[in-house]
Amino acid sequence: MARSVWKGPFVDGFMLTKAEKARSSGRNEIIKIWSRRSTILPQFVGLTFGVYNGHKFLPVQVNENMVGHKFGEFSPTRTFTGHAADKKAKRG
Amino acid sequence: MADTRILMGVVGRPHGVRGLVHVHSYTAEPADLARYNPLLDDAGRAWSLAWRGEGVAELRDAAGRPVADRNQAERLVNARLYVDRARLPKPDAEEFYLADLVGLEARDAAGLRLGQVAAVHDYGAGTSLEIERAALSPVIVPFTRDAVPDVDVASGYVTVVPPSEIELREAAG
């Protein structure tokens, strides 16, 4: 069942203040978080979070397309890296 | 030879009685496996692959003879198919093959060894490199110009400048 619209998106409150501090500092920091349940808000765009997956903190570089999703969606708890073959990675 | 070969796929079970086989392609686009013909197996034999259906392929040997029947196809089950690294097309600027990145030595800004690139992660939120360190837990850095300013595949190293980290826990109570 979908969450009621009047409540707004869920986000752990402490993340808002810390993210704002990280943004104003202007430093390129990874913000390590355990809150996989928090919704990605527009004010997080451009920041990099290290989202805990129960084992390690995976870097999540937030962009516009991720707004509305949960942080946990980008830090899978079960991973299969597969085979490299001809797959490529682009440096951001 | 093993160092320069890249695993591109594996032959699966036979399909029908005319020598067709299922092939598990590991390429980014599975159908692209046929573009890398000829493919080499573990014994060094060359095979030419042509898709005949969804995941089903016809294999021909170096002389152009197709796999004749199901019995012959069964002998190919689990055969690994490789191509030489030199045959992969040159990647675009700022693009790197995962096969090139994994195994590179990671150095810090001063040139001292940090560890080795163990894996490349991409789960839809940017690519990151996992650096395995001796006697220390692995470190994962975003694959950006800031964190990985230098990638020298030919010399076998990447320069890594791990960004500082701040922890964000919910206050107790």
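Visitor: Which strand of chain A do three bridges join to β7(B)?
Guide: Strand β4 of chain A, residues 88-90. The two run antiparallel. Strands pair if DSSP finds at least two bridges between them. Strands here are DSSP runs (E, at least two residues), and helices are runs of H or I with at least four, numbered from the N terminus.

Visitor: Is this a predicted model or something else?
Guide: This is a predicted model: local features need pLDDT of at least 70, side-chain atom pairs count only at pLDDT 80 or more, and totals for chains, interfaces and linings use all residues. Residues are numbered from 1 along each chain as written, chains are lettered from A and ligands numbered from 1 in written order, and side-chain values use heavy atoms, without hydrogens and water.

Visitor: Back to β7(B). What is the bridge partner of A:Ala89 there?
Guide: B:Phe96.

Visitor: How many residues does each chain put into the contact?
Guide: Chain B gives 45 and chain A gives 34. Contact means heavy atoms within 4.5 Å.

Visitor: How many salt bridges cross the interface?
Guide: Four. The rule wants a side-chain nitrogen of Lys or Arg within 4 Å of a carboxyl oxygen of Asp or Glu. One of them joins A:Lys88 and B:Glu95, at 3.9 Å, N to O.

Visitor: Which element of chain B gives the most to the side that touches chain A?
Guide: β14(B), with four residues.

Visitor: And that side by class?
Guide: It has 27 nonpolar, eight polar and 10 charged residues. Ala, Val, Leu, Ile, Met, Phe, Trp, Tyr, Cys and Pro count as nonpolar, Asp, Glu, Lys and Arg as charged, and the others, Gly among them, as polar.
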